[in-house]
Amino acid sequence: MTSDQLRIEKAERLKRLPPYLFKEIDRQKEEVRAKGIDIIDLGVGDPDLPTPPHIIQALKRAASDPANHRYPSYSGMGEFNAVVARWYKQRFNVDLDASTEVVTLIGSKEGIAHIPLAFINPGDIALVARPGYPVYHVGIQFAGGTPYFMDLLKENSFLPDLEAISPELAQKAKMMFINYPNNPTAAVATREFFESVVVFASEHNVIVCHDAAYSEMAFDGYRPASFLEVGGAKALGIEFHSLSKTYNMTGWRIGFAVGCADVISALGQVKSNIDSGAFQAVQIAGIAALEGDQACVEEMRQIYAERRDILVDGLRSIGLSVEKPRATFYVWVEVPGGYTSAGFASRLLTEAGIVTTPGNGFGTSGEGYIRMALTVDRERIREAVERLSRLGPFGC
Ligand SMILES: *Cc1c(COP(=O)(O)O)cnc(C)c1O
């Protein structure tokens with residue numbers, strides 16, 4: 001049988017994936033680029049800044065050591081996990097047992113995608129915030145589960161309304177995925193919200209997965225809390241964390257999950273059957289990041305805060321409605337009256353060469369917004385504002 005006789009049929013889990021909503025904007029981007037128009041890309045949530053040099057140096061040294069060329073432990077090097085536990089104590093005053101309550105991940109996306117395999121049986125339900133990072137619901141669907149979406153609305157400060165979840169549904173739900181500071185809305189959580197999540201989860205026996213990828217990317221002196229700071233949280237939940245955004249390390253693939261030992265151990269069991277852990281030299285570089293001078297983190301905050309101010313002031317000056325984010329490198333912009341998310345993003349792209357992300361790409365309740373990422377330098381942001389002001393004013 002030659003390959004042209006094979007009928008290649010994808011599994012249902014791939015066929016069932018929602019359509020890729022950024023296809024149209026990608027197509028338009030290519031069209032605009034082909035015309036030779038200079039594009040300002042505020043679409044991607046990937047830092048444009050380089051990894052700090054002391055972290056790169058640590059990788060270089062570790063990469064030359066043959067001890068690091070062999071299979072790592074799937075659950076992480078003892079030393080990396082110990083450093084994570086020390087960092088949590090110092091940063092959040094949360095106590096963690098490095099050997100049972102920490103697992104190293106090949107980027108937090110890896111753990112987020114894998115954890116449903118540990119807990120979701122076919123037909124099980126998991127609660128997922130929407131709009132949100134798509135990996136939560138895709139991971140649940142890959143495990144055969146059904147995501148139930150909790151809409152994040154402006155009138156609730158983009159926090160899920162737990163009281164709106166029917167008792168039947170709450171009783172059926174096995175897991176819940178939340179993320180603060182939030183991508184894409186840039187919303188932050190209050191301590192009261194985290195406390196209400198713990199009450200809800202213990203009442204209904206729900207495992208909580210909190211994605212804290214942006215906990216260090218916060219401005220004006222604001223320092224986001226860990227979900228695990230709340231009493232009782234560690235008995236029912238875990239927190240995902242990543243070095244990607246804090247240290248400009250998205251390409252390195254290093255993150256971790258911490259919290260409830262039974263949940264961490266089940267995630268480790270999935271991992272031990274799928275991957276063989278993160279490259280040890282990268283873990284050693286991660287140690288240098290977490291234990292080293294944190295001045296680079298403060299520098300990162302300053303840079304994004306400055307970009308944020310230029311963009312937010314500019315957007316407001318042309319009549320667009322936008323909150324000044326206290327955290328994350330996203331600005332969540334309400335589209336002016338008469339536009340859809342896709343329609344407005346398309347106009348910005350074709351008439352101003354500015355790439356943004358239509359909010360509905362993060363789920364239906366993202367409709368009516370676009371997301372702008374602060375991942376270009378301040379001169380380019382100024383340029384974007386100038387181009388926008390030629391399109392505006394938008395008065396809404
Ligand atoms: C960027 C991001 C992450 C981090 O992913 P890594 O796999 O650690 O690079 C996790 N969650 C959200 C919501 C993100 O935006």
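These are my notebook entries on a predicted model, covering the ligand site, some salt bridges and a few single residues.

**Ligand site**

I started with the shell around the ligand and found 14 residues there, with Asp211, Ser242, Ser244, Lys245 and Arg253 as the closest. Sorted by class, the shell comes to 4 nonpolar, 6 polar and 4 charged residues.

Next I looked up polar contacts to ligand oxygen atoms. Tyr214 places a polar side-chain atom 2.6 Å from one oxygen atom of the ligand. For Ser108 the contact is through a backbone N or O atom, at 2.8 Å from a ligand oxygen. Asn183 has a side-chain N or O atom 2.9 Å from an oxygen atom of the ligand. I then checked cover: on its own the ligand has 380 Å² of accessible area, and the protein covers 94% of that.

**Salt bridges**

I noted 34 salt bridges in the structure. One of them joins Lys15 to Glu9, with the closest N and O atoms 2.6 Å apart. Both partners are partly exposed, Lys15 at 41% relative accessible area and Glu9 at 48%.

I looked at Glu30 and Arg33, whose side chains meet at 3.7 Å, N to O. The two are 3 residues apart in helix α2, so about one helical turn separates them. Glu30 is partly exposed at 45% relative accessibility, and Arg33 is partly exposed at 41%.

Glu334 and Lys154 form a salt bridge at 2.7 Å, N to O. Because Glu334 sits in strand β9 and Lys154 in the loop between β4 and α7, this pair ties together parts 180 residues apart in sequence. I recorded Glu334 as partly exposed at 22% relative accessibility and Lys154 as partly exposed at 45%.

I also found a network of salt bridges linking Arg91, Glu216, Arg223, Glu298 and Arg301.

**Buried residues**

I looked up Tyr136 in helix α6, residues 135-142. Tyr136 has a relative accessible area of 2%, so I entered it as buried. Its C-alpha is 9.0 Å from that of Ile178, though the two residues are 42 apart in sequence.

Thr328 lies in the loop between α11 and β9. It is buried, at 0% relative accessibility. A polar atom of the Thr328 side chain is 3.2 Å from the backbone nitrogen of Tyr330.

**Surface patch**

Last, I noted a nonpolar surface patch formed by Leu14, Leu17 and Phe142, with about 230 Å² of accessible area together. Leu17 belongs to the loop between α1 (12-15) and α2 (23-34), and I logged it as partly exposed at 30% relative accessible area.

Methods:
Residues are numbered from 1 along each chain as its sequence is written. This is a predicted model: local features need pLDDT of at least 70, side-chain atom pairs count only at pLDDT 80 or more; totals for chains, interfaces and linings use all residues. Side-chain values use heavy atoms; hydrogens and water are left out. A residue is near a molecule or strand if one of its heavy atoms lies within 4 Å of it. A polar contact is a pair of N or O atoms within 3.5 Å; within protein, one must be able to donate a hydrogen and the other to accept it, and residues adjacent in sequence count only if both atoms are side-chain atoms. Accessible areas come from the Shrake-Rupley method with a 1.4 Å probe; for residues, only the protein chains shown count as cover. Ala, Val, Leu, Ile, Met, Phe, Trp, Tyr, Cys and Pro count as nonpolar, Asp, Glu, Lys and Arg as charged, and the others, Gly among them, as polar. Patches are made of residues with over 30% relative accessible area and no salt bridge: like charges are joined within 9 Å, nonpolar side chains (Val, Leu, Ile, Met, Phe, Trp, Tyr) within 5 Å. A salt bridge is a side-chain nitrogen of Lys or Arg within 4 Å of a carboxyl oxygen of Asp or Glu. Helices (H or I, at least four residues) and strands (E, at least two) are DSSP runs, numbered from the N terminus. Buried means under 20% relative accessible area, exposed over 50%, partly exposed in between (1.4 Å probe, protein chains only).
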